[in-house]
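Q: Please take a close look at one part of this model with me. I am new to reading structures, so a friendly walk through the basics would help.

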Amino acid sequence: MTLPDNGARRTMLEIRNLAKSFGGVKATNDVSLDFPDGSLTAVIGPNGAGKSTFFNLITGALKPDSGQVLLDGVDLAGRSPPEIVRHGIGRAFQVASIFKSLTVEETMLAAVSADQRTSAVLHKRFPLPEARDRAEHVMELLGLASKRHRTAATLSHGDQKLLDIALALVLEPKVLLLDEPTAGMGPEERWRMIDKVRELWEIQKITVVFIEHDMDIVFKIAPKIVVLCYGRILATGTPDEIRNNSAVIDAYLGTEHAGAAA
Amino acid sequence: MTELEAGRAQTLVPVRSGAVLQRYRDVLIALIAFAVLASLPLFTGSKALLDFVIRCSAYGLFATSLNLLVGYTGLTSFGHGMFFGLGAYSFGLIMQKLGVPIPAAFVATLAITAVFATIIGAICVRLKEIYFAFVTLAFQMLIHSTILSWASFTGGDQGLRGGIPRPVFLGIDLSNHVHLYVTSCALLILGLLAMRQIAQSPFGYTLRMIRDNAARASFLGIDVWRAKLTVFVLAALFASMGGMVMALFVSGAYPEFAYWTISGEGIFINMLGGVSTFLGPMVGTVLLLLLNDTVTRFTEYHGIVLGVVILFFALGLRKGLLDFVAEWYAHRRETGEER
């Protein structure tokens, strides 16, 4: 094991024989994977490899045809997104999915309120005092505290992505799924974002799985990589193993793998 | 880090007590508004003015409740008027047939409305935008035609005639014009205060999240369907209250109260006044009733005038009057700060 020790090594998220077809197309084809507690894993693959479908199946946005999604031993396959979130799988989206008319602070407080099961409270005023600490903590963690009074729609693209991640993180998930945290960013901004992701992973000690297109980034920061192709797992392993895997080179990386793919 | 901590200390205290202060402020404003409205009969003998305020109460409750759906949740109902009609008819029928005290009929009507709204809402709130709009409209037409065709019970196209009995309760005699006026004002203010509380509660922010991005809300663990159904029923209750005020005012109930044009007027009021502020629909109500009353006095083609006004707001301003004022004020304050 070359993975850095980041908490216990028991399996936090286990995917067993997950499958989903759209018409005749097998978007996810018999995928089985283990994500140890506190691990950081990158999912890569060419366009249409089924990366987002894979995330959608885990988070309940899509119902799998068969297979299991075991979070800490509990099978969540086929349950609704709210249920899955409450069990501890949080996600951020490829296109920042935020609440455009709420301020950063309101967004955080409302999300905590949802997690604390007070989002249906009618007789008190928003925000409830018990939501404050956690919201504050995550805003500081992601460097959004100084923009607390800004409306989400007026934030920069990068900050919107951060806010999206903050939304997932503020629920204190056991597993955090990030669908292309660096999508639509310039080279410098990408590195800043990915450093942030790595920092979060180190501080929060949670299990992080992220989809990424930029091979430089993936090889640099991910201790473990999963390669998807046509809905199947093509390879899993450390950056070195993936870099030298002939199947991966043929299907995806090409002979000169460096530089941005896709 | 010290800067962050300083910023945190600064914001933590004011925001927390700010929420409580806001509540006291709202109650204070409500008390003042009620005091002003209730003392109006002391200064003026104008029955027309008092009638105008009573109609504003009925329509204002209805339009503001519609804004809970349209403005806060993003649910554009074209059939919200059915609960206005349901409120008027239920209340009128209970008073005519059972002769119970008015508060009992009031509560019973709210209960009946809640049952109807729960059933209709359960079917409708799953539907997306235009389908939601049209299925609510369909239910409205269903209720309207039931009222028309069940003539033995509802009086059909003649409406509930013969007047609604208004027995005295707690010293309040609603057949007395001033008593009716003050009661209407009280119901309006209480209704607005309750709706304001809903809008500013944690649930109110859940509604805003659903309006902005329902899919994301569900990925935060929110049961979107249940929240939508809850606000659908709550809004129906306040619309029903508006209908009851109307029934008391005209001492009857007519099929027009349940016709789709009531829903249309509700939407129109929201467009006039604006949906981005809580009081927008109230402003819109006053505007619409003023327009109605003045324009009909001068021309029989008042529909044309109202149409032009609606086009002006929809195409010209692209927002309601109070939206416009609020934006202008925010802009002025911003530029003032920069200087």
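In chain B, what percentage of the contacts with a separation of 6 or more is accounted for by residues 24 or more positions apart?

A: Happy to help! This is a predicted model, in which local features need pLDDT of at least 70 and side-chain atom pairs count only at pLDDT 80 or more, while totals for chains, interfaces and linings use all residues. Residues are numbered from 1 along each chain as its sequence is written, and chains are lettered from A and ligands numbered from 1 in the order in which they are written.

For chain B, the percentage is 77% of the contacts with a separation of 6 or more, a contact being two residues whose C-beta atoms, placed from the backbone, lie within 7 Å.

Now look at what chain B is built from. It has 13 helices and zero strands (DSSP runs numbered from the N terminus: H or I with at least four residues for helices, E with at least two for strands). Reading chain B from the N terminus, you meet α-α-α-α-α-α-α-α-α-α-α-α-α. Chain B is as compact as a globular protein of 339 residues, because its radius of gyration, 21 Å, is close to the 20 Å of the globule rule (taken over C-alpha atoms; the rule is 2.2 Å times the number of residues to the power 0.38).

Rotate the view and follow the C-alpha trace of chain B: along its principal axes it spans about 75 × 50 × 45 Å. Of the 339 residues in chain B, 44% are buried, with 20 or more other C-beta atoms, placed from the backbone, within 10 Å of their own.

How values were computed:
A residue is buried if 20 or more other C-beta atoms lie within 10 Å of its own, exposed if 12 or fewer, and partly exposed in between; C-beta atoms are placed from the backbone.
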